[in-house]
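Hello,

Here is the structure I promised to hand over. Please have a look at it first, and then read on for what turned up.

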Amino acid sequence: MSRPFPSRNSSPSGSFVRVNGKIRAREVRVIGVDGTQLGVIPLGEALTMARAEGVDLVEIAANATPPVCRLVDFGKFRYEQAKKDKESKKHQHANKVKEVQLSPKIDPHDLGVKIGHAIDFLCEDMKVKVTLKFRGREMAHTEYGFQVVQKFLQDIVAYGHPDFQPKLNGRAINLMISPLPRNKRARHPSELQGGQPAAAAPAPPAQPRAEQRPPQPAPMRIERPPRPDEAKPASFNNPFAQLEAKR
């Protein structure tokens with residue numbers, strides 16, 4: 001027995017779709033299998049048409065008067081809906097806004113870190129809000145703050161573009177940066193560094209292999225005793241000779 005309500009195990013985020021006998025309207029506007037409009041038909045006749053075509057009667061617009069139904073296989077319908085939801089989620093990051101705060105006296109190293117964070121956000125299709133605040137007497141030299149903002153924009157020009165020119169609002173400079181389209185945006189620096197592996201060093205040329213010969217025995221050396229008439233070489237110097245002569 002079919003139930004008109006979703007089960008407890010079903011996902012609460014997914015919209016409930018009525019199919020076949022779960023449709024409660026007396027008359028429905030039917031869309032054929034090929035996408036043609038078949039007009040307003042009583043529900044029983046629409047179910048008969050669905051059985052004849054071997055498909056399901058799926059309610060796609062429940063709030064319309066009368067409700068709009070489609071002759072389609074329910075498994076195929078769910079696949080198409082899941083595909084559309086996945087495509088729509090890819091563009092949800094563009095609605096997210098990340099904020100980056102700067103100061104007129106920011107250190108160059110800290111500015112590079114802020115730029116790196118902004119590049120990460122822009123590569124994920126997020127907008128970046130840049131805020132530079134002045135404190136105390138820094139308001140007397142707002143040109144230094146504009147110089148920092150211009151340096152920030154120059155370093156991210158390959159990843160995003162400002163929605164408007166930097167302007168001073170009260171004690172802060174505000175700016176909104178939108179990501180460039182994927183086909184016009186530069187690749188992330190991490191992808192450029194680790195994109196392609198380094199080429200392996202060429203192997204040294206193989207040396208010609210010498211013919212292996214069996215090891216030959218070393219020639220026998222015969223030592224003869226020294227003769228008494230042979231004098232020692234003049235270069236021989238015995239440091240103990242003088243001590244023996246004194247004895």
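Below is a short tour, from the overall make-up to individual side chains.

Please keep in mind throughout that this is a predicted model.

**The chain as a whole**

The protein chain has 247 residues, and buried residues make up 25% of them. Its secondary structure comes to six helices and nine strands. If you take the contacts between residues at least 6 apart in sequence, 55% of them join residues at least 24 apart.

**Two nonpolar cores**

The largest nonpolar core is a good place to start, with its 22 residues. Leu102, Phe152, Ile156 and Ile177 have the most contacts inside it. Several elements feed this core: strand S5 (97–102), H3, S6, H4 and S9 each supply at least two residues. Which of them gives the most? That is H3, with six residues.

Phe152 is worth clicking on here. Setting aside its neighbours within four places in sequence, Phe152 is in contact with Val100, Leu102, Leu111, Lys114, Ile115, Ala118, Val130 and Ile177. Apart from this core lies another, made of 13 residues, among them Val28, Leu47, Ala50 and Leu71.

**Charged pairs**

How many salt bridges does a search of the whole structure find? The search gives seven. As a reminder, side chains of opposite charge can pair when their charged atoms come close. Three of these bridges make a nice set to look at in turn.

In one of them, the side chains of Arg185 and Asp125 meet at 2.8 Å, N to O. This pair links distant parts of the chain, with the two positions 60 residues apart. Arg185 sits in the loop between strand S9 (172–179) and helix H5 (189–193), while Asp125 sits in the loop between helix H3 (108–123) and strand S6 (127–133). Are these two residues buried or exposed? Both Arg185 and Asp125 are buried.

Another bridge joins the side chains of Asp163 and Lys127, at 4.0 Å, N to O. Here too the pair links distant parts of the chain, this time 36 residues apart. Asp163 is in the loop between strand S7 (160–162) and strand S8 (167–169), and Lys127 is in strand S6. Asp163 counts as partly exposed because its relative accessibility is 37%, and Lys127 counts as partly exposed at 28%.

The bridge between Asp155 and Lys151 has an N to O distance of 2.6 Å. These two residues are four apart in helix H4 (residues 142–155), so about one helical turn separates them. Asp155 is partly exposed, with 31% relative accessibility, and Lys151 is also partly exposed, with a relative accessible area of 38%. Finally, there is a network: salt bridges that share partners join Asp125, Arg182 and Arg185.

**Aromatic rings**

The structure holds one aromatic pair. Its members are Phe74 and Phe77, which are stacked, with 6.4 Å centre to centre and 20° between the planes. Why are they about one helical turn apart? The two are three residues apart in helix H2 (residues 74–90), which means a separation of about one turn. Phe74 is partly exposed, at 23% relative accessible area, whereas Phe77 is buried, at 7%.

Another ring has a charged neighbour: Lys167 lies over the face of Phe164, at 5.1 Å from the ring centre.

**Arg18 and the cysteines**

Arg18 is found in the segment before strand S1 (27–31). With 29% relative accessibility, Arg18 counts as partly exposed. Leaving aside its neighbours within four places in sequence, Arg18 is in contact with Ile23, Leu57, Val58, Glu59 and Ala62. The C-alpha atoms of Arg18 and Cys69 are separated by 9.4 Å, although the two residues are 51 residues apart along the chain.

Cys69 is buried, because its relative accessible area is 0%. Cys123 is buried as well, with 16%, since the cut-off for buried is under 20%. How many disulfides are there? A search of the whole structure finds zero.

I hope this helps you find your way around.

Best wishes

Methods
Residues are numbered from 1 along each chain as its sequence is written. This is a predicted model: local features need pLDDT of at least 70, side-chain atom pairs count only at pLDDT 80 or more; totals for chains, interfaces and linings use all residues. Side-chain values use heavy atoms; hydrogens and water are left out. Buried means under 20% relative accessible area, exposed over 50%, partly exposed in between (1.4 Å probe, protein chains only). Contact means heavy atoms within 4.5 Å. A disulfide is a pair of cysteine sulfur atoms within 2.5 Å. A nonpolar core is a set of buried Ala, Val, Leu, Ile, Met, Phe, Trp, Tyr and Cys residues joined through side-chain atoms within 4.5 Å. Rings of Phe, Tyr and Trp (its six-membered ring) pair if their centres lie within 6.5 Å; planes under 30 degrees apart count as stacked, over 60 as edge-to-face and the rest as tilted. A charge sits over a ring if NZ of Lys or CZ of Arg is within 6 Å of the ring centre and within 35 degrees of the ring normal.
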